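Q: I am new to this structure and would love a close look at a single part of it. Could you walk me through the places where chain A meets its neighbours?

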Protein chains: 4
Amino acid sequence: MVLEEISLKTRFNTVRNQSLAICQPLTPEDHVVQPVVDVSPPKWHLGHTTWFFETFILVPYAEHYQCFDDNYSYLFNSYYETVGARVIRTDRGNMTRPSVRDILRYREHVDEALEKFLDGELAPNQLNLIELGLQHEQQHQELLLYDIKYILGNNPLFPEYLPGLKHLHCEQRKAESLEIPEGIYSIGYDKEGFYFDNERGVHKVYLHGCKIEDRLITNGEYLEFMFDGGYEDFRHWLSEGWDWVNTNQIKGPFHWHQSEGEWMVYSLRGGLRPVELNEPVTHISFFEADAYAKWRKKRLLTEFEWEVACNQFGNIDDHSNFSERESFAPNPALPNQNQLFGDVWEWTSSAYRPYPFYEAPEGAVGEYNGKFMVNQMVLRGGSCATSNTHIRATYRNFFHPHLRWMFSGIRLASDL
Amino acid sequence: MVLEEISLKTRFNTVRNQSLAICQPLTPEDHVVQPVVDVSPPKWHLGHTTWFFETFILVPYAEHYQCFDDNYSYLFNSYYETVGARVIRTDRGNMTRPSVRDILRYREHVDEALEKFLDGELAPNQLNLIELGLQHEQQHQELLLYDIKYILGNNPLFPEYLPGLKHLHCEQRKAESLEIPEGIYSIGYDKEGFYFDNERGVHKVYLHGCKIEDRLITNGEYLEFMFDGGYEDFRHWLSEGWDWVNTNQIKGPFHWHQSEGEWMVYSLRGGLRPVELNEPVTHISFFEADAYAKWRKKRLLTEFEWEVACNQFGNIDDHSNFSERESFAPNPALPNQNQLFGDVWEWTSSAYRPYPFYEAPEGAVGEYNGKFMVNQMVLRGGSCATSNTHIRATYRNFFHPHLRWMFSGIRLASDL
Amino acid sequence: MVLEEISLKTRFNTVRNQSLAICQPLTPEDHVVQPVVDVSPPKWHLGHTTWFFETFILVPYAEHYQCFDDNYSYLFNSYYETVGARVIRTDRGNMTRPSVRDILRYREHVDEALEKFLDGELAPNQLNLIELGLQHEQQHQELLLYDIKYILGNNPLFPEYLPGLKHLHCEQRKAESLEIPEGIYSIGYDKEGFYFDNERGVHKVYLHGCKIEDRLITNGEYLEFMFDGGYEDFRHWLSEGWDWVNTNQIKGPFHWHQSEGEWMVYSLRGGLRPVELNEPVTHISFFEADAYAKWRKKRLLTEFEWEVACNQFGNIDDHSNFSERESFAPNPALPNQNQLFGDVWEWTSSAYRPYPFYEAPEGAVGEYNGKFMVNQMVLRGGSCATSNTHIRATYRNFFHPHLRWMFSGIRLASDL
Amino acid sequence: MVLEEISLKTRFNTVRNQSLAICQPLTPEDHVVQPVVDVSPPKWHLGHTTWFFETFILVPYAEHYQCFDDNYSYLFNSYYETVGARVIRTDRGNMTRPSVRDILRYREHVDEALEKFLDGELAPNQLNLIELGLQHEQQHQELLLYDIKYILGNNPLFPEYLPGLKHLHCEQRKAESLEIPEGIYSIGYDKEGFYFDNERGVHKVYLHGCKIEDRLITNGEYLEFMFDGGYEDFRHWLSEGWDWVNTNQIKGPFHWHQSEGEWMVYSLRGGLRPVELNEPVTHISFFEADAYAKWRKKRLLTEFEWEVACNQFGNIDDHSNFSERESFAPNPALPNQNQLFGDVWEWTSSAYRPYPFYEAPEGAVGEYNGKFMVNQMVLRGGSCATSNTHIRATYRNFFHPHLRWMFSGIRLASDL
């Protein structure tokens, strides 16, 4: 991994500022709550990403570094058992102190110390840890947007996060097939630059070949499933999915609300607005993606098929970074786009398990990925909330099959 | 009920301002959360007390009144089924909007309209409703202090609500007996002025006579119970109390924390500080009060014994209003005080049930008291957080027997 | 308390055999299960009542007594903390061993030893303990019938417990008023013979006088409440009752089932059969009794009013012991009956609290009553499942306000 | 699939009688309970396997067949949504009727009808359904043994299921390596005879080669993990596994009990007895198997590695059918055995997902496997409770990763 120090400082500042930019439209009150266990308070994200730099870089390596506040180690640890006690997750949303203002001061304190630290001679493992801290913060930036959307979209006032811009209408585009031939393929990361440990273990897989659609499933297509009674017919559903539908009275994607017969959707920009038929459907669980595919008599891609397709057809430039575009909604596909990068995370049919040869790193960073490799499904490709410096063809995201507060969606495949 | 209009306006402003004064030391973040179902977010109290005036006075009676925001009716209804849908109670703490600032604007809007309304000719039932609104707000002011204490005392940083003042030490005073002779007594409210419907139904009771202690049980006395293994011996406890102790791993009063062998207590003033032995014990459940009394081979008073004793020995001037005193902790008894008024709510041995002849009023205000008359116990006397314009000998407070985030305490009695 | 030894042996055998007679119609399978926490497996009752005699009489007092099986002490303890560990209540229904056959052998072993013990010279406290054991067994006989009815009535096959006899039709009788004048009355047990500790503490109460109805509320009268939307109108309900109705989707009394528009009731005799309009309504919770009374603009009796009425108007001979009558359903009132004894337990408006001067006995038998004196309501009068050697005017039964698998019902009162 | 009719009748009777033989040592009481949701009452298994033949063969195909009891369709449906309503799973253990005797009559009724039906000319799909019914019953026979072991092993009396035989001691055998070379392999069933739909979809996989141990992990080896603090060190555990350990206070395998410092194990034969060090460890969850492998710095096999190894090294004759052997405990490996078949189900590292080309069959039998393909892990090889006419190299068993009341165990692998 080669990282030039000069650009690292710029990159450090850019990434750190981006977190502040994301929280800028919020009130102090918006920073505090945790409406469900999976959502964290925005101010916790601001503190936790800072704690990561303090705990894993400044405390062990920066001479004369003074901790900002010893209590923060306890308050902002997420799940690192190696590092000690932590606020139990369901109590995060009741911690009104430290205030947002105090956390901003904490960020300044740590940023200042880290900039100074970056002026020194850095060992390779220190450079790696800083890059890990930045990638970690980029992950939390994406989570921040999910969590903000949950918090505001759960409020009966449906407040806008940012003012809605003029709607960008787009024609419905017919889905075309992309073909992946049968054969042996190499999977996993083997280039220079940053990657997560779960992408390691480059290995061969045998694919029997398939055809995949060159765009995502749209709201309009998903509504057909709904209108056809998709949520009322057990035959489309995995057994646990069917229980989930009934226990939670699921009738449509998350953030969708039926109002006087019309389906509305809550958007970060624009608040509550009518569902746009040609946008990719999003905020759906694996259970829904799988049921939809069965209803269409097709299937989801495996994560290996997806990675091979992306290597062949993906174009990172098609991915519009959320900071540069006008909408946090997924984008209708342009004629020349296959939507492999960005827009929405695509549920694959693959369970999240270690690659052959996988080994978790030693110490606390070893808790980053490996210990979550059970009962979750892999998603690929990034979303409209993912930075384009934080996505690649080998990137493995993962969520439990019932979760859907993230930007998740569907791409279909079929056998040759 | 006779209320002079001129004084009503003053009283209205005094009470309304007191709510703001209570919240003044809080950050916006402190206003939002609901750590357990019984605690409401401070900003919700600010909105709900305002909603009460808007809904029950301005909307039905004030000509040309414009509602501030139609959504607020839904957001700030507490439990009035008559008035329609409401935010389910466990979701209150996830409503980050309206912001504190918006709620303060809502208060101004309603206060302005009400002051104008007070300039008009008011019918008796309107005067009664306004007084009910003020008494209601005073109740919420007390709840606000409980809830703020819960929110801040639940935070690992133990922030002070107000700066701690110099400690007022007081000598331990020996408890003396006050005697109530056997006989028939009249119970309930029969004077001019405001009272709640649950005090109505003046009726006779037969008391067999008893001796009551002339002061509350102190922290020091309660610690003896703890050191004697009180929490580990089932024989002192009601069966449901014993389950509660074990399920919740109760080891001492609420807001008490053991730190390096010493018992500390969280106070609104002063934050975490050592337990003061001569202060009345507080933040205990009925289960604990009852177990303590059994351990002492004494008993709690019935609410009737308490009311008779208060009529005979109580002195409202002994009650120090929280706005005038230096500490929110209960006060050690002065030699001439019997602590019947103020300090802490005294658990009685009486279940909260209607008096003979009780009838709930018609309409929404009828939901104020009557529908809670099951599974709760009566407390009497007011606390250091009760306004002295909001307490009287006949006042019946009530809580479930396991609750203890309020200022609750113990007085003992024995048979003649 | 004077008990002749000769009659005691007869009484002992009669009571003990009655438990076997109650279980005689059951299959071995029926003896095992615990469908909800409040219901115990019939074989557990058979073992527990035996364990009571073994633990409190034979082990401490009978020379050379050999315990049948040391494990049984653990298996058949109900809630006596004094006596040591016990099977947690929710696991009782998973204990398939000891088998019914083994428990019957256990009963024989203990009965033999006790009969021999009865031949000896008995101290007064031993006689008292034996009588307590018999009263305890009679209580469990009543619970056995409730639990058997729950187990069989919860089965989709609705099996009969005993064959249904010819239906005893009875005319609707108009309710008349019985009057209790204002005054001071004495409450509690002060005669010879057996009583429970909770009836002790004879004391005076002041009653303001009332009129009570001379019969119970019937199914037909209760159906009017249902047809009038009683279960859909919050105004009739205590707040916790309204939550209970909605959480549990309550639409009518327990054991009632709607089948093709008609209300059916499950009976121990006869299985599922149409609701008989003139029978007293039963299997209702306190919440329902209280709501019904409010809907009728009347009220329930206090337990003191009930006791005074019973002393004045009650006739134990009106109570038909379950072993002598043809039906376990409550009896329609005959013209000369006021139904104060037997038929159904009458919910009173009194919370279950200790009488003045109450003291729990020392030791394990002290856990019999006192520790349950919170969050429960008093019922009076006995039911069609109560033995007439086990009921009296001062008898205080108690259940949580949401429970209704017992034979419980309604009598109305109003102020003078 | 070719099945001779004559042998089918014999096979039918053999399999059906085996279910009765398994339940023969039970009391009627043992047949009723459901101590946890995953365990079904033995009598329910007896009814459900019979219902399968009645519902899927007799009702649609047998002329003049009379249903035994219409209610049974409702009572004995397990999870077939296609077939209609069913008793919710957690209520199965409260159904005391139909009695064991009635269910045995139900079995006779259906068996008689089926034998007659077998005399007729059978279409291929009918033959297939009968074979599916028999395989289904064999699966339930294995579950019966798990459930019986749960029910009796959960009883404080630890009753023996069958009398314990003389202990078969066996020397500890050193584990040797079996090698699987890198290459492309074919996976799935492609022979004559019965297979489940989830074995279909024969396809190629690329294996990087590995070494696997030629025997299972023993109790002695697992105890080393326990003595080394394996259950107290989060680093060995998946995050959900660590939560599971702490929430459930797991200290060792299921059915293990610590008694006066010694680890005892409950066995179907012999009841509670000391842990035998050289037997394969069993009754462990995937979380435990995975943690053990990590502690040993090895890993579990993928299900593909297992299948390839089994094709190469497995010998069905090493599998001792439970009906023929003396013990239900897993067998210590003999020198010539590699334990791939029988003994214990081996947790693989593979999540249970469909094979390429998998398609669920139409209709109710399509609910057999496919709808469970999420959140479960694959186990391979059969156990000491599996019939040897019910196991093959391609057989895919599956359980949730926290479950362990079945005979499950560990085999280790490592990379070349």
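A: Here is a tour of the contacts of chain A, one neighbour at a time, with a few local details along the way. Please keep in mind that this is a predicted model.

Let us begin with chain D. On this interface, 32 residues of chain A are in contact with 32 residues of chain D. Together the two chains bury about 2,800 Å² between them, and carbon and sulfur atoms give 60% of that area.

How are chains A and D related? A turn of 180 degrees with a shift of 0.0 Å along the axis lays chain A on chain D, with an RMSD of 0.0 Å. The C-alpha of chain A that is nearest this axis belongs to Asn375(A), at 2.3 Å from it. Both copies use the same surface here: 100% of the contact residues of chain A recur in chain D.

Now for the links across this interface. Chain A and chain D have two salt bridges between them. For one to look up, go to Lys204(A) and Glu182(D), whose side chains meet in a salt bridge at 3.9 Å, N to O. There are also 12 residue pairs in polar contact across the interface of chain A and chain D, with both residues at pLDDT 80 or more.

Which elements of chain A build the side that touches chain D? Those that give two or more residues are strand E3 (203-207), helix H7 (239-247), helix H8 (286-295) and strand E8 (345-351) of chain A. E3(A) gives the most to this side, with four residues. Sorted by class, the side of chain A that touches chain D has 16 nonpolar, eight polar and eight charged residues.

While you are looking at chain D, its open sheet of four strands is worth a stop. The strands of this sheet have the order E10-E9-E8-E11 in chain D, and their pairing is mixed. Its edge strands are E10 (397-399) and E11 (408-409) of chain D, each of which pairs on one side only. Strand E8 (residues 345-351) of chain D runs parallel to E11(D), and two bridges join them. If you would like to find a bridge by eye, start at Glu346(D), whose bridge partner in E11(D) is Gly409(D).

Next comes the interface with chain B. This contact takes 29 residues from chain B and 29 residues from chain A. The area that chain B and chain A bury between them is about 2,400 Å², with 59% of it on carbon and sulfur atoms. On the side of chain B, the residues that lose the most area to chain A are Glu29(B), Arg97(B) and Leu157(B), together 30% of what that side buries.

What turn lays chain B on chain A? It is a turn of 180 degrees, with a shift of 0.1 Å along the axis and an RMSD of 0.0 Å. This is the relation of a two-fold axis. In chain B, the C-alpha nearest the axis is that of Glu29(B), 2.5 Å away from it. Once more the same surface serves both copies, as 100% of the contact residues of chain B recur in chain A.

Chain B and chain A have two salt bridges between them. One place to look is the pair Arg97(A) and Asp30(B), whose side chains meet in a salt bridge at 2.6 Å, N to O. The count of residue pairs in polar contact between chain B and chain A is eight, with both residues at pLDDT 80 or more. Helix H3 (71-76), helix H4 (100-119) and helix H5 (124-153) of chain B are the elements that give two or more residues to the side that touches chain A. H3(B) supplies the largest share of that side, three residues. By class, the side of chain B that touches chain A divides into 15 nonpolar, nine polar and five charged residues.

Arg97(A) deserves a second glance. The peptide bond from Arg97(A) to Pro98(A) is cis, with omega near -5 degrees. Pro98(A) itself lies in the loop between helix H3 (71-76) and helix H4 (100-119) of chain A. In chain D, a cis peptide bond joins Arg97(D) and Pro98(D), with omega about -5 degrees.

That leaves chain C. Chain A and chain C do not touch, and their nearest C-alpha atoms are 14 Å apart.

Methods. Residues are numbered from 1 along each chain as its sequence is written. Chains are lettered from A and ligands numbered from 1 in the order in which they are written. This is a predicted model: local features need pLDDT of at least 70, side-chain atom pairs count only at pLDDT 80 or more; totals for chains, interfaces and linings use all residues. Side-chain values use heavy atoms; hydrogens and water are left out. Two strands pair if DSSP finds at least two bridges between them. Copies are superposed by least squares on the C-alpha atoms of residues with pLDDT of at least 70 in both. Contact means heavy atoms within 4.5 Å. Buried area is the accessible area (1.4 Å probe) that two parts lose on being put together, summed over both. A salt bridge is a side-chain nitrogen of Lys or Arg within 4 Å of a carboxyl oxygen of Asp or Glu. A polar contact is a pair of N or O atoms within 3.5 Å; within protein, one must be able to donate a hydrogen and the other to accept it, and residues adjacent in sequence count only if both atoms are side-chain atoms. Ala, Val, Leu, Ile, Met, Phe, Trp, Tyr, Cys and Pro count as nonpolar, Asp, Glu, Lys and Arg as charged, and the others, Gly among them, as polar.
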